[in-house]
Amino acid sequence: MKETDREAVATAVQRVAGMLQRPDQLDKVEQYRRREARKKASVEARLKAAIQSQLDGVRTGLSQLHNALNDVKDIQQSLADVSKDWRQSINTIESLKDVKDAVVQHSQLAAAVENLKNIFSVPEIVRETQDLIEQGALLQAHRKLMDLECSRDGLMCEQYRMDSGNTRDMTLIHGYFGSTQGLSDELAKQLWMVLQRSLVTVRRDPTLLVSVVRIIEREEKIDRRILDRKKQTGFVPPGRPKSWKEKMFSILDRTVTTRIEGTQADTRESDKMWLVRHLEIIRKYVLDDLIIAKNLMVQCFPPHYEIFKNLLSMYHQALSTRMQDLASEDLEANEIVSLLTWVLNTYTSVEMMGNMELAPEVDVSALKPLLSASVVSELLDTYMSTLTSNIIAWLRKALETDKKDWSKETEPEADQDGYYQTTLPAIVFQMFEQNLQVAAQISEDLKTKVLVLCLQQMNSFLSRYRDEAQLYKEEHLRNRQHPHCYVQYMIAIINNCQTFKESIISLKKKYLKNEAEEGMCLSQPSMDGILDAIAKEGCSSLLEEVFLDLEQHLNELMTKKWLVGPNAVDTICVTVEDYFNDFAKIKRPYKKRMTAEAHRRVVVEYLRAVMQKRISFRSPEERKEGAEKMVREAEQLRFLFRKLASGFGEDVDGYCDTIVAVAEVIKLTDPSLLYLEVSTLVSKYPDIRDDHIGALLAMRGDASRDMKQTIIESLEQGPTQANPNYVPLFREIVVPSLNVAKLLK
């Protein structure tokens, strides 16, 4: 207490020191004293009230403890009295055992009496139940069946409790109610028949389907009750649990499977489109069935059955199994396409599972694939392999058909612009287009693979096309009278090359959507080179045809007959123009090249005639006459090829200028200027050789051996620089060796 008093004094000192820190606070000492006195009085009052409350609680507690002690003593006394009475009544209880047995027997007899009516009426109830089942009154039939089963199960349960080892009585009861199990099985058959036709029943007589579901629900409740009773008594009636709900879903599952499998009405032998028809029937049936299930069947089943969800799962599994079976068959390429298109696209599209009438219950993104990735990959590999073989066969057949047309007596067809063509490009690219459209329906990846395959096979096909065109030419050269329309069909072959080019570009543009795909296809061998080669060889074949007809007239050039006789160049021009009237049917890029090549070759053949030393002029007059004729003929040729090249926008004068330049050398009258003239010629045409100069001087007829030697040696010492745009003309002109030997004499 002293320690407490000291702490209280110290605290008070601190508070007073806090109140009296400034001189002006001394005036408020009396005020502080009154305030502290009020606080002290308040605290003392609260303390007294608390102590009084505690004292009242202790007083009440002591009173309750006293009362409890008295109650315990009373109970103890009562227990002692009860114990005494119980010891005195033990003998009396043992004497009541017979009464207890009588009570048990009485209860059993009462149950037997209660069931006597049902027991004696069992045969009648069985007949009534059978009639009700046959009449289709399933609910009433089930009610009576439940009464029979209840009587049987009650008797057997009582017998089991009385003497579980007495199998004879149990067998007797079971035999008496033997028809009950038969009725149950018969009723179940009727239920399963209704469930098998549930999609039809729900539209025609939904009440019947509801009755079936109610019966199944009743049986489920009975099963649960019996299983609960088994835990207490250990007894289970025969035929229980029936598990009709589980059987119901099993029946529905088998029904769905049978419905899917039963949609195949045709085989490949009877109908080439059997698979398409089969898949379309499946699509229609499944969509119709699920719409009916969503809109009608869910109203006939309790929500916890989740009937639509379960049916959706059944249909999906049945479809998956069916697709697996179809995929395992030896399918053709078009059948693989139909199957994959249906599985990968149609199944999840608005035409089937994505249909708005199934939303939102059906989420297509949550559906598992009908076919595994490995099966799809295997089908795609098979398809690509089959497609490769088919494309090769189709291309070969198309080429064979086109080859037959080459031998026809009638001209090939012309396109809208009048250019000759055959149907080969259209057939080939129509085939490619069809396969690409089909592949695009399956996946973008397959579309790209098919495009690459088409381009690969096109590359091989063009090589065969090139060989066949060459054989066509060789066959014609063996007999130029056959085929009758050789020129026209060769023009069509050339034009086909341009059509092929345009079609390839169009195909790539249409079916390649990004740079990665384009890069994949560009890595394939380029066909432009082969097509250009085929067209070039075709043009060469046509020009060869022209020059075969010109050969006789070209041989007349630079001869005595040429100098004094009719103009062979007139015939040459007429022949060339006549051929080029047919060549007008050649498409522009190839016609342009062909015109330029024809121009070059005519000039080369003309220069070749000059170099053959078919004529040697003996006087200046002859040289002048020959040179002037050469200039006139050069102008004729220039006029012809200007006419043929009109619209191409190219300079066609260069080749004919070569003839004029050679004519100037021949025309020269002053031999002393011959070296200068020849030097000018060589500077313009750097591919001219010594033997060409020798042949040209020999044609003049006035150059001595020494002059020839001097000119040739001088030109050898000063080689000229070639013009980068110069097209060599003399390079392919060979001077006969016999003539060269004579030139040096």
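**Surface, salt bridges and a cavity**

Trainee: Val-16 sits in helix H1, which covers residues 2–19. Is Val-16 buried, partly exposed or exposed?

Mentor: This is a predicted model. Buried would need under 20% relative accessible area, and exposed over 50%. Val-16 has a relative accessible area of 44%, so the class is partly exposed.

Trainee: How much accessible area does the nonpolar patch of Val-16, Leu-20 and Leu-26 have together?

Mentor: Val-16 belongs to helix H1. On the surface, Val-16 joins Leu-20 and Leu-26 in a nonpolar patch. The accessible area of these residues together is about 250 Å².

Trainee: Why is helix H26 described as largely enclosed by the rest of the structure?

Mentor: Helix H26 spans residues 690–700. Its buried residues run from Asp-691, His-692 and Ile-693 through Gly-694, Ala-695, Leu-696 and Leu-697 to Ala-698, Met-699 and Arg-700. Helix H26 is largely enclosed because the buried residues number 10 of the 11.

Trainee: Which residue follows H26, and what is its phi?

Mentor: The buried residues of H26 include Arg-700. After H26 comes Gly-701, with a positive phi near 85°.

Trainee: How many salt bridges does a search of the whole structure find?

Mentor: A pair counts when a side-chain nitrogen of Lys or Arg is within 4 Å of a carboxyl oxygen of Asp or Glu. Glu-280 and Arg-283 form one such pair, at 2.7 Å from N to O. Over the whole structure the search gives 28.

Trainee: In the Glu-280 and Arg-283 pair, which residue counts as buried?

Mentor: Both residues are in helix H11 (residues 274–295), three residues apart, or about one turn of the helix. Glu-280 has a relative accessible area of 39% and is partly exposed. The value for the partner is 15%, so the buried residue is Arg-283.

Trainee: What is the relative accessible area of Lys-447, which forms a salt bridge with Glu-444?

Mentor: Glu-444 and Lys-447 are both in helix H16, three residues apart, and their closest N and O atoms are 2.7 Å apart. Glu-444 is partly exposed at 43%. Lys-447 is buried, with a relative accessible area of 2%.

Trainee: How far apart in sequence are the parts tied together by Glu-537 and Arg-466?

Mentor: The closest N and O atoms of this salt bridge are 2.5 Å apart. Glu-537 is in helix H19 and Arg-466 in helix H16, so the bridge links parts of the chain whose separation is 71 residues.

Trainee: Are Glu-537 and Arg-466 buried, partly exposed or exposed?

Mentor: Glu-537 has 27% relative accessibility. Arg-466 has a relative accessible area of 31%. Both values lie between the 20% and 50% limits, so each residue is partly exposed.

Trainee: Which residues are joined into one network by salt bridges that share partners?

Mentor: The network is made of salt bridges with partners in common. Its members are Glu-400, Lys-403 and Glu-468.

Trainee: What is the volume of the largest cavity?

Mentor: A search of the whole structure finds one cavity of 30 Å³ or more. Its lining consists of Arg-466, Ala-469, Gln-470, Lys-473, Met-490, Ile-493, Ile-534, Glu-537, Gly-538 and Ser-541. The volume is about 60 Å³.

Trainee: Which helices each supply at least two residues of that lining?

Mentor: The lining residues divide into four nonpolar, three polar and three charged. Arg-466 and Glu-537 are among them, and this pair forms a salt bridge. The helices in question are H16 (444–478), H17 (486–511) and H19 (528–555).

How values were computed: Residues are numbered from 1 along each chain as its sequence is written. This is a predicted model: local features need pLDDT of at least 70, side-chain atom pairs count only at pLDDT 80 or more; totals for chains, interfaces and linings use all residues. Side-chain values use heavy atoms; hydrogens and water are left out. On a 1 Å grid over the protein atoms alone, a cavity is a set of points where a 1.4 Å probe fits but cannot get out, and a pocket is an open set with protein on both sides within 12 Å along at least five of seven lines; lining residues have an atom within 4 Å of a point. Grid points are joined across faces, edges and corners, and a volume is the space filled by probe spheres set on the points. Helices (H or I, at least four residues) and strands (E, at least two) are DSSP runs, numbered from the N terminus. Ala, Val, Leu, Ile, Met, Phe, Trp, Tyr, Cys and Pro count as nonpolar, Asp, Glu, Lys and Arg as charged, and the others, Gly among them, as polar. Buried means under 20% relative accessible area, exposed over 50%, partly exposed in between (1.4 Å probe, protein chains only). Patches are made of residues with over 30% relative accessible area and no salt bridge: like charges are joined within 9 Å, nonpolar side chains (Val, Leu, Ile, Met, Phe, Trp, Tyr) within 5 Å. Accessible areas come from the Shrake-Rupley method with a 1.4 Å probe; for residues, only the protein chains shown count as cover.
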